[in-house]
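Visitor: I have a model open and some labels to check. Can you walk me through the reasoning behind them?

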Amino acid sequence: MSKPGSEKLFREKMIVLLQQLHKWGLSELIFNHVTVRIPDTDWLLINPQGMMFAQVKESDLVCIDLKGAVRETPKQLRAPAPSRMHCLLHQQDPEIECIIHHHSEDSIVASLSDHGLRPFNQYVEFVKPILSIDFPKNPDDFYSDLQSRRQKERTLLLKNHGAVCLGKSCEEALLRCYMLERACRIQNRAQSLSGNLSELPPGVKLSLNPLEDDKTLQDFWKSLVS
């Protein structure tokens, strides 16, 4: 079981996530979902249907199990839309604490390329490996493809659709979203240039990947809540 007070802590973290995604322009009206797994439990926190990210308060969050069944719905709020993708990914990988799904313009445009994200910048290296999944003819095909193809990738580009960022912590998932958005935006702008485009050298090794450094992630989170 989770430690006393841990659900409250993660409700607080969830609000920080939603508010920051809204500030970055990675929310879409009342659509899209974020889930956070309460440690040492099979319960997920998810934002309710019908509210913009910036409107959601701690008491508005809905608690569901790994099959999407609602534990309780706050009064006068609708339960979230079916969250099959989130539940599937949380079931598949218990280490994942947070999943963010969004439909940003830059991630959709970048997903259209047959080559996926090319190594034009360090942000691509930060978020690799990246799994690209085709837009399905029906939802069952998508979930089957996701379940069979995903290994340990925490960055997913859904073709013609958007992106999914996973993290072993809320800090990692949120920073991964930022890094991925930067990578997509740079590629989209670069492709408007004429001539050959320079890529990072093959096998390049970066001195530090912020997504893999606990202190950097902690400092990043402190900067959001201070």
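Guide: Start with a cut-off: angles under 35 degrees between helix axes count as roughly parallel. Keep in mind that this is a predicted model.

Visitor: Why are H1 and H6 called roughly parallel?

Guide: H1 and H6 pack at an angle of about 5°, with axes 11 Å apart. An angle under 35 degrees earns the label. H1 and H6 are therefore roughly parallel to each other.

Visitor: Which residues make that contact?

Guide: H1 brings Phe10, Lys13, Leu17, Gln20 and Leu21, while H6 brings Cys170, Glu171, Leu174 and Cys177. By class, the contact of H1 with H6 has six nonpolar residues, one polar and two charged.

Visitor: What makes H6 and H7 roughly perpendicular?

Guide: Their angle. H6 (residues 170-190) and H7 (residues 214-225) pack at about 80°, and their axes are 9 Å apart. The range for roughly perpendicular is 65 to 115 degrees. H6 and H7 therefore qualify as roughly perpendicular to each other.

Visitor: Which residues of H6 and H7 make the contact?

Guide: From H6 come Cys170, Glu171, Glu172, Leu174 and Leu175; from H7 come Leu217, Phe220, Trp221 and Leu224. These residues divide into seven nonpolar, no polar and two charged.

Visitor: How do you know whether glutamate 171 is buried or exposed?

Guide: Compare its accessibility with the cut-off. Buried means under 20% relative accessible area. Glutamate 171 has 12%, so the residue counts as buried. Leaving aside neighbours within four places in sequence, glutamate 171 is in contact with Lys13, Leu217, Phe220 and Trp221.

Visitor: What is the relation between H2 and H5?

Guide: The axes of H2 (residues 84-92) and H5 (residues 139-149) come within 11 Å and cross at roughly 20°. That makes H2 roughly parallel to H5, because the limit is under 35 degrees. Their crossing is right-handed. Arg84, Met85, Leu88, Leu89 and Gln92 of H2 meet Asp140, Phe142, Tyr143, Leu146 and Gln147 of H5. The residues of this contact divide into six nonpolar, two polar and two charged.

Visitor: How do you know where the buried residues of H5 sit around the axis?

Guide: The buried residues of H5 are Phe142, Tyr143 and Leu146. They cover an arc of only 95° around the axis, which puts them on the same side of H5. What covers them includes H2, strand E6 (130-133) and strand E7 (155-158).

Visitor: What makes asparagine 32 and aspartate 40 worth a look?

Guide: Most residues other than glycine have a negative phi. Asparagine 32 has a positive phi, near 75°. Aspartate 40 also has a positive phi, near 65°. Asparagine 32 lies in the loop between H1 (6-23) and strand E1 (34-37). Aspartate 40 is in the loop between E1 and strand E2 (43-46).

Visitor: Are these two buried or exposed?

Guide: Asparagine 32 has 6% relative accessibility, so this residue counts as buried. Aspartate 40 has a relative accessible area of 60%. Exposed means over 50%, so aspartate 40 is exposed.

Visitor: What is notable about the peptide bond from lysine 128 to proline 129?

Guide: Most peptide bonds are trans. The bond from lysine 128 to proline 129 is cis, with omega near -5°. Proline 129 is found in the loop between helix H4 (122-127) and E6.

Note on methods: Residues numbered from 1 in each chain as written. Predicted model: local features only at pLDDT ≥ 70, side-chain atom pairs only at ≥ 80, totals over all residues. Heavy atoms only, no water. Axes fitted to C-alpha atoms, helices over the stretch in contact; angles between N-to-C directions. Helix = DSSP H or I, 4+ residues; strand = E, 2+ residues; numbered from the N terminus. Parallel < 35°, antiparallel > 145°, perpendicular 65-115°, else oblique. Left-handed = near helix turned anticlockwise from the far one by under 90°. Contact = heavy atoms within 4.5 Å. Nonpolar A, V, L, I, M, F, W, Y, C, P; charged D, E, K, R; others polar. Buried < 20%, exposed > 50% of the residue type's maximum accessible area, 1.4 Å probe, protein only. Arc of directions from axis to C-beta.
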